[in-house]
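Got the viewer open? Keep the selection box handy, and we'll go stop by stop.

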Amino acid sequence: LLVLFLTFQLACCCGTAACSLCCKCCPKIKQSTSTRFMYALYFILVTIICCVMMSTTVANEMKTHIPFYKEMCKGIQAGEMCEKLVGYSAVYKVCFGMACFFFLFFLFTIKIDSSKSCRAYVHNGFWLIKLIVLAAMCSGAFFIPDQDTFLNAWRYVGATGGFLFIAIQLILLVEFAHKWNKNWTAGANHKQVWNGLLALVTLILYSIAVAALVLMALFYTRSEGCMYNKVLIGVNGGLCLFVSLVAISPCVQNRQPHSGLLQSGVISCYVMYLTFSALSSKPPETILDENNRNITICVPEFSQGLHRDENLVTGLGTTILFGCILYS
């Protein structure tokens with residue numbers, strides 16, 4: 001009993017008590033809001049680590065500046081050049097550990113009716129211990145046997161989860177744009193400046209979407225070949241135009257008076273990002289030139305060997321991800 005009591009007190013000091021001690025200067029917020037914020041903070045922290053691990057620049061800098069890098073990688077059985085600690089395979093493992101962590105607490109919090117219950121108290125506190133558990137799960141994923149089979153299976157899980165997450169992001173973006181449009185339209189009843197701001201923001205969003213469409217057509221297509229890229233850009237551009245026409249159609253306006261071009265502008269920009277992500281991830285095509293030499297097409301010249309488009313996709317995706325998580 002004495003050991004259990006001391007363990008409980010230690011957990012309290014490392015959890016809610018420590019947080020309350022450090023956050024006296026912060027404004028008071030609901031416990032449920034602070035709990036969501038802490039879980040979002042954990043998610044963002046792991047995501048940043050994944051972005052660092054996926055960066056080819058970081059991997060090259062480690063090879064250059066860490067002494068005995070090759071020998072160290074062999075010693076910890078991470079591959080000849082630590083390929084198991086960097087790149088997509090490492091990100092899959094870290095994300096697997098994070099998914100297990102959140103799924104565990106999803107099961108743990110089923111049918112909690114009151115914040116005063118024992119499970120709710122654990123759910124709303126013990127943040128340092130949870131951080132240690134999260135780190136242990138993410139680290140433990142690197143010791144899963146038969147890594148090749150695990151990675152092949154986890155890719156399908158990731159593809160399914162990615163599809164669902166894109167759908168959730170679209171719902172959040174539509175809801176955000178709807179509230180944005182509703183608030184500024186309500187403000188226009190008092191000051192006409194809100195109508196001008198609404199029109200300006202909508203124009204900026206569509207300008208970004210059109211500019212992105214033109215740049216992708218310029219850099220990812222050419223007169224010969226690149227048929228997949230042309231179809232992808234054409235279909236997605238056409239769908240954005242269709243969504244914009246639907247948003248201002250009389251039937252939609254009658255049912256949703258606060259619907260407008262702002263929502264479709266936000267979605268058009270997001271679709272252009274998804275299109276850019278798909279084009280940058282697609283393997284380049286090769287053809288024979290007039291000298292019978294293989295040349296790479298359907299990728300921008302500035303990105304060949306530099307991964308600039310992939311880094312840009314990662315940065316944009318991370319920014320959108322953080323925005324959606326914090327908004328939710």
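Before the first stop, a word on the UniProt labels: their positions follow the numbering used here, feature names are shortened, and an annotation may be inferred rather than shown by experiment. This is a predicted model, where local features need pLDDT of at least 70 and side-chain atom pairs count only at pLDDT 80 or more, while totals for chains, interfaces and linings use all residues. Residues are numbered from 1 along each chain as its sequence is written, and side-chain values use heavy atoms, with hydrogens and water left out.

**Stop 1: the annotated segments**

Colour residues 38–59, 90–110, 125–144, 156–177, 197–219, 231–249 and 261–279; the unreviewed UniProt entry lists them under "transmembrane region". Now check two of them against the fold. Helices here are DSSP runs (H or I, at least four residues), and strands are E runs of at least two, numbered from the N terminus. Residues 90–110 come out as 90% helix and 0% strand, with the end C-alpha atoms 31 Å apart. Select 156–177 and you get 100% helix, 0% strand, and 32 Å between the end C-alpha atoms.

**Stop 2: helix 3**

Select residues 31–54, which make up helix 3. The expected span of a helix is 1.5 Å times one less than its number of residues. For the 24 residues of helix 3 that gives 34 Å, and the end C-alpha atoms are 35 Å apart, which agrees. Next, show the buried side chains; buried means under 20% relative accessible area, exposed means over 50%, and partly exposed is in between (1.4 Å probe, protein chains only). In helix 3 the buried set includes T35, Y39, Y42 and C50.

**Stop 3: two loop residues with positive phi**

Most residues other than glycine have a negative phi. Go to K111, in the loop between helix 6 (88–108) and helix 7 (118–123), and check its backbone: phi is near 60°. Is K111 buried or exposed? It counts as exposed, because its relative accessibility is 75%.

Then jump to F126, in the loop between helix 7 and helix 8. F126 also has a positive phi, about 60°, although it is not a glycine. F126 is buried, however, with a relative accessible area of 14%.

**Stop 4: F143**

Move on to the loop between helix 8 (127–140) and helix 9 (147–187), where you'll find F143. At 68% relative accessibility, F143 counts as exposed. Put a distance label from F143 to K93: they are 50 residues apart in sequence, and their C-alpha atoms are 9.4 Å apart in space.

**Stop 5: helix 9 and its salt bridge**

Helix 9 has 41 residues and runs 57 Å from first C-alpha to last, close to the 60 Å expected at 1.5 Å a residue. Its buried residues include F150, W154, Q169 and W184.

How many salt bridges does the structure hold? One, counting a side-chain nitrogen of Lys or Arg within 4 Å of a carboxyl oxygen of Asp or Glu. Select E175 and K179: their closest N and O atoms are 3.4 Å apart. Both sit in helix 9, four residues apart, or about one turn of the helix. E175 is partly exposed at 35% relative accessibility, and K179 is partly exposed at 42%.

**Stop 6: a nonpolar patch**

Show V193, W194, L197, L200, I204 and I208 as surface: they form a nonpolar patch with about 510 Å² of accessible area together. Patch residues have over 30% relative accessible area and no salt bridge; like charges are joined within 9 Å and nonpolar side chains (Val, Leu, Ile, Met, Phe, Trp, Tyr) within 5 Å. The areas come from the Shrake-Rupley method with a 1.4 Å probe, and for residues only the protein chains shown count as cover. One of the patch members, L197, lies in helix 10 (residues 193–219) and is partly exposed at 33%.

**Stop 7: the two sides of helix 11**

Finish with helix 11, residues 227–247. Its buried residues are N229, L232, I233, N236, G237, C240, S244 and A247. Look down the axis: these buried residues fall within an arc of 115°, so they line one face of the helix. That arc is taken over the directions from the helix axis to the C-beta atoms. On the other side of helix 11, M227, L241, F242 and L245 are exposed.
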